[in-house]
Amino acid sequence: MSERALNHLPEELRESALEVARTREDRIRRIQRGESFPQLSLTDRKAWLEDFHPDYRADGKRALKVGVNKDEGVPVELANLLEAWPRASVRDLVENGRIPEADFETDVLIIGAGGAGVTAAIEAAKSGLDVLITTKLRAGDSNTIMAEGGIQGADQECDSPLQHYLDVLGGGHFSNDPDLAEALCHDGPDALSWLEELGMLFDKYPTGRMKVRHGGGTSRKRLHSSGDMTGLEMMRVLWDQCRNLRNVNVMEFCPIVELLTDDDGRVVGAVMERLNHGNEMKVVKAKSVILATGGLGRLHLQSFPTSNHYGATADGLVLTYRAGLPFRDLQHNQYHPSGIAFPEQKAGLLITEKFRGLGAQLVNRFGDEFVYSLEPRDVTTAAIIRECSEFSHGATTPSGNVGVWLDIPMIDDLHGKGTIEKEFPGRYSEFYRHGIDLTKVPVLVYPTLHYQNGGVRIRVDGATGLPGLYAAGEVSGGVHGKNRLMGNALLELIVFGLRAGRAAAEFASQTGSGGQAGLSHIESYLDDLKAADVEETRTAPMLLPRYGKALAI
Ligand SMILES: Cc1cc2nc3c(=O)[nH]c(=O)nc-3n(C[C@H](O)[C@H](O)[C@H](O)COP(=O)(O)OP(=O)(O)OC[C@H]3O[C@@H](n4cnc5c(N)ncnc54)[C@H](O)[C@@H]3O)c2cc1C
């Protein structure tokens, strides 16, 4: 490797990157002989997780004082958000004691315009009912659009939904809801066909056969991609389809800040704030509601950087918890092993696992492997933290951040020149613009907060415990248990987006409008907060992260 290729690296990192290049040939020869770094035993996996994974840090959690999951430990940042007062617009409504006439009425209201929300809208619209999507930022601003590596689905001869199911359960440490996992894997092949019919361009061989790769923790190659911009390609076809439907309307910059319920506890609408109209409050009435608000990365648990989009602030969890819906597995979050650690202006952004699927290894500052690169994500994350903290074998950036190397150039050595550029056009050109050639240099990485494994409890049709309310996508919990495997989130949002869309439309057409919209659930939640002596200093949902401001949560 020419030293010029390392010009972007400061002195501290350059020497270590050269070490990685020096050990590369040897590591490649071992792969070519069919040798790999030994996988951990189940006992070692457990021990490494308990000692090093952020989920297991006692000071990262606290018990909730109120609500249906009272006494359960969740990340401190989330607990603070769940135990917060409603926003001013909602408190005004509570104090007035009545909800004004609806400003907007629809049959099915969908909250969130990522993959799950738009998929649900397409399906619900098939019924001919009116569908309204409200979203916090611009249409498309979402984690879905940022997804890189791919979507799983057992559509190959050597694979089956059953094999997929076993992998999902193993990856989730057997804590998944088995019915939800079964639905995910069963619908996988159909979900891929559905996306193809919408026009999604998957990577294929000249014969037309799908290219599939391994993801961490999977026993078969079943990851289907569109380069390293799979989410962007998916959202392209979903939006194209959705925009063609006359009975779907979309409101941008209109976050939902509270659910509305009737006297029977049925969800009958929501309170909206219009961000581009001075946070003006509006009331939306709906016969059924689908929650598709995504995850919580922007809470920056334990001060980790995040790969998530700007609006990932756990709003859906706040709304449903106040309405009395239980959640599950929220103490388990996914810290993706390979967030960028240098250049620091990109800290936390993702380097997809597909790089490791194609052979890139994780190595320490001496260029030595320290973990099998395709262990399940949580185990790989624990291994990186162990290597950097316990053994101090990470490389340190000028500002004191630490990381290990992802040896990307070895992909071209293994699969032929041009593979990196072809398989990862997004990341390749992005780095190239900054003068970094991924075919020549390794990238320094460290775990980044990536995915909310748990969430709102749902049934296989997306129904929640509240009549009229459905949920799909990252906001829901149970499909992945304590740990999601790569590619299963994109599959989940299609499978459960479709199921929720169908069920919500059916509910809306069968049950009519429901009773008088109210906020009695908020009134009783406020009573609980007061009884638990929770100070009145915080409001939620936060809607946008509060960088550079005194944190109110
Ligand atoms: C960088 C990155 C790469 C990834 N790569 C992969 C991959 O290769 N394979 C894979 O399977 N998974 C991947 N994932 C995970 C996957 O992309 C997400 O889990 C999934 O897309 C979530 O979809 P969603 O529709 O549930 O949420 P999102 O796509 O995040 O959409 C949520 C929507 O809700 C809106 N919203 C939030 N709050 C409110 C509110 N109060 N009112 C109204 N709207 C609101 C948001 O603005 C957004 O439009 C990746 C994630 C990231 C961040």
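This passage describes the surroundings of the ligand, a small sheet of strands and the second largest pocket in a predicted model. Local features were taken only where pLDDT is at least 70 and side-chain atom pairs only at pLDDT 80 or more, whereas totals for chains, interfaces and linings use all residues. Residues are numbered from 1 along each chain as its sequence is written, and side-chain values use heavy atoms, with hydrogens and water left out.

The ligand is surrounded by 39 residues, of which T144, G149, G150, E474 and L490 come nearest; a residue is counted here if one of its heavy atoms lies within 4 Å of the molecule. By class, this shell holds 13 nonpolar, 20 polar and 6 charged residues, where Ala, Val, Leu, Ile, Met, Phe, Trp, Tyr, Cys and Pro count as nonpolar, Asp, Glu, Lys and Arg as charged, and the others, Gly among them, as polar. At least two residues of the shell come from each of α5 (115-125), α6 (143-146), β17 (443-452) and α16 (488-511), and α16 gives the most, with 4 residues. These elements are DSSP runs numbered from the N terminus, helices being H or I runs of at least four residues and strands E runs of at least two.

Backbone N or O atoms also approach oxygen atoms of the ligand, at 3.2 Å for A113, 2.9 Å for A116 and 3.3 Å for A292. Taken alone, the ligand exposes 1000 Å², and the protein buries 99% of that area, as computed by the Shrake-Rupley method with a 1.4 Å probe.

An open sheet of 3 strands has the order β5-β7-β6 with antiparallel pairing, two strands being paired if DSSP finds at least two bridges between them. Its edge strands, β5 (151-152) and β6 (212-213), each pair on one side only. Strand β6 is joined to β7 (residues 223-224) by 2 bridges, and V212 has H224 in β7 as its bridge partner.

Strand β6 appears again at the second largest pocket, where β6, α1 (11-32), α11 (354-357) and α13 (410-415) each give two or more residues to the lining. The largest share, 3 residues, comes from α1. The lining comprises 27 residues, of which R356, G357, L358, G359 and L374 lie nearest the centre of the pocket. A pocket is an open set of points on a 1 Å grid over the protein atoms alone, where a 1.4 Å probe fits and protein lies on both sides within 12 Å along at least five of seven lines, and lining residues have an atom within 4 Å of a point. The lining divides into 10 nonpolar, 8 polar and 9 charged residues.

Notes:
Polar contact = N/O pair within 3.5 Å; in protein donor to acceptor, adjacent residues only side chain to side chain.
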